[in-house]
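Q: I should like to learn how to read the features of a structural model. Where should one begin?

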Amino acid sequence: MPRKVVSGPDYDDEYDDYDEYDDDDEYDENEYANNHPVKMGKESLKKSSITVPVHWTCSMCTFSNHESMVYCEMCGVFRETFVKSAKDGLLKDAAVAVSSEPRTSAASKIDSAKTPVKTRAADSDSDSARKHASMSYDKANSMRLPSAGSSLGAEKKKKTPVLSDAVPVERIPLLASDGFQPKGNQSGGASSSSQSDSVIQKLSSDIGQLNVDKNNVNVTKPCLPEEYKPEKWMLADPESGALSQLNLAIVGHVDSGKSTLSGRLLHLLGRISKKDMHKNEKESKEKGKGSFAFAWAMDESSEERERGVTMTVAVAYLETKKFRVVLLDSPGHKDFVPNMISGATQADAAILVIDASTGSFEAGMDGEGGKGVGQTKEHAQLVRSFGVEQLVIAVNKMDAVAYAKERFDFIKLQLGSFLRSCNFKDSAITWIPLSAVENQNLISAPSDARLTSWYQGFCLLDAIDSLQLPSRDVSKPLILPICDVIKSQSTGQLAAYGKLETGAIKNGSKVLVLPSGQEATVKTIERDSNSCTIARAGDNVAICLQGIDGNQLIPGGVLCHPGFPVAVANHLELKVLVLDITTPILFGSQVEFHIHHVKEAARVTKIVALLDRTGKPSKSAPRFLKSKQNALIQVTLDGAVCVQEFSKSRALGRAYLRSSGRTIAVGVVNRIIGQDQN
């Protein structure tokens, strides 16, 4: 079965080069001439074609920049040829050349190796400054424009800078002034006029706004969320005939039969071959665990099979009439609840599996010996805190109680009351009596007369099809929390696996990888182990990236839109609901902090206030917190995590506090205070 597997960094470091593309900033000389008449001198200049390289590589961070950029978009470092040429006096020479023919602009001749650079320029008549200009020069140390006293025709007809309104200069205002002054030309001062000196001063003053100090370049600030506008391909309708994806978590108390139920479903729907099923049956009987044959379709590791319990969230796929279902088989043992949180937090809906046998249901509710909270209750509270609103209650092992209606009604009464206290609505809960071992009421109506005599409702598969998909927000910037790092089946490289919470992504998209802060390009996308070109919010995908070391991909990280980065912080303010606890939460309490797919050691640094049912403060600075209280608290984590306020991103704004192997509080991120250095 498909399963998330962490692999070592044995991927291929070879990346495909970017495809060449046309420079959109290249202007049409004929169109320019029609709009801007040119007064030609005695020696007309010859037109020449301009060959524009695709990109240049930053000497500091090796980021590939568009040819028209003067400085690196990633780190802000100026292009070396631009800075060196400016220091060699090229800009002043260009200004002198402009001033030698006032109110005249002409087409020019340059070599194919020459590189265009955008900068500001002043009009030669000094009446008004032009908003845009384009200046061309040769590679470093290979081009010298004629001096002030030289003739354009005599100096091999070097290029005269052409003023153009077609080339906007958008990034220059972002750079602080550093008093940059171009070096003057020492050879042609005899023939320079007062008019050319005036032009030089204006040009120098304008260019002085540029900051060539690499350490003081201001990076463009992140855009505001309201500024984001999705592209058309993001909002496009899904492929014709394609099923909608439903992420379905299978949760419940240990030994309730979750993996057996999942394996049986997959087998009945043809997702497990007869060969694999025969192998599982044979191996399970050899180890004296014949009843685990279907469970082993999900529990593939030797340790899980030896212990007889699920330890990590297994991922499998099946199809119904309505959905392409991603099954998230979660561990039920209390020792592996953190793994359950990490995997099942992606769920759109959940199947809560109940063991109907005598004593087992009670243990799932009240814990061992009836003193505490069982995993049935804890899992129900957690999936509700994940944002799951729809539940299918699969009352399993009904064969152990002879399909007794009384037992089913008792479970429905006891558990239903608790679920309502967790804010589940009765209308969003579907109750299904079944037996996974005897294949009763799974994908078709039951055949056992003891069950059909009193139950005529949905089978499990029909109950899944009755679920409603939550809204998918593709109109917001990309957010993909990394659930795991796996080995791509198509490329063999490391891939980031997770669910797209918002936005959309396609091959070639630029993404920001956090917390490393590096930018990368999407190379391939896999969904259900098959390659695809586009993925949208709600899809579980594996994404291979190029332009970044695979070791920078870590579970708990985030892929996001480069212009809308997610915060990375360790000092947070939370709104929490305290669960059933025996030890109160105090100032300084050590807790285990869980958020999306990461956990960190943390401590409670401040109890700000108790909150009433409306969320308003009712008591400031209480000394401790006890069961069932709502409170506003601050926590400091040992390490920074990728996080957002709940109001901005629900997936990155839900938090869970655990202590001594139990979940003690659930809540949301109210405010990101920042990075605490202590």
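A: Let us begin with a definition: a nonpolar core is a set of buried Ala, Val, Leu, Ile, Met, Phe, Trp, Tyr and Cys residues joined through side-chain atoms within 4.5 Å. In soluble globular proteins, nonpolar side chains tend to be buried together. The model shown here is predicted, and its largest nonpolar core has 81 residues, of which I393, L415 and L419 touch the most other members.

Q: Which strand supplies the largest share of this core?

A: Strand β8, residues 349-355, contributes the largest share, with 6 residues. Apart from this core lies another one of 28 residues, including L572, A602, L610 and V643.

Q: Which residues does L419 touch, leaving aside those up to four places away in sequence?

A: With such neighbours set aside, L419 is in contact with A380, L391, I393, F424, I429 and W431. L419 is also one of the buried residues of helix α12, together with R407, F408, I411, L415, G416 and F418.

Q: How should the length of helix α12 be read, and against what do its buried residues pack?

A: A helix may be judged by comparing its span with the one expected at 1.5 Å a residue. Helix α12 comprises 17 residues, 405-421, and spans 24 Å from its first C-alpha to its last, close to the expected 24 Å. Its buried residues pack against β8, α10 (360-366), α11, β9 (391-396) and β10 (429-433). After α12 comes N423, with a positive phi near 75°.

Q: Is K377 buried or exposed?

A: Burial is decided by a cut-off, under 20% relative accessible area. K377 counts as buried because its relative accessibility is 17%. This lysine sits in helix α11, residues 375-385. Beyond four places in sequence, K377 touches G364, M365, D366 and F418.

Q: What describes the protein chain as a whole, in secondary structure and in burial?

A: The chain has 14 helices and 29 strands, and 50% of its 678 residues count as buried. Among contacts between residues at least 6 apart in sequence, 72% join residues at least 24 apart. The exposed surface is about 32000 Å², with 48% supplied by carbon and sulfur atoms.

Q: Where does pLDDT stay under 50?

A: Where pLDDT is low, the predicted coordinates should not be read in detail. The mean pLDDT of the chain is 74, and 65% of its residues reach 70 or more. Over residues 1-53, pLDDT stays under 50, and the model has 103 contacts beyond four places in sequence for this stretch. Over residues 206-221 the pLDDT is likewise below 50, with 43 contacts in the model beyond near neighbours in sequence.

How values were computed. Residues are numbered from 1 along each chain as its sequence is written. This is a predicted model: local features need pLDDT of at least 70, side-chain atom pairs count only at pLDDT 80 or more; totals for chains, interfaces and linings use all residues. Side-chain values use heavy atoms; hydrogens and water are left out. Helices (H or I, at least four residues) and strands (E, at least two) are DSSP runs, numbered from the N terminus. Buried means under 20% relative accessible area, exposed over 50%, partly exposed in between (1.4 Å probe, protein chains only). Contact means heavy atoms within 4.5 Å. Accessible areas come from the Shrake-Rupley method with a 1.4 Å probe; for residues, only the protein chains shown count as cover. pLDDT is the predictor's confidence in each residue, from 0 to 100.
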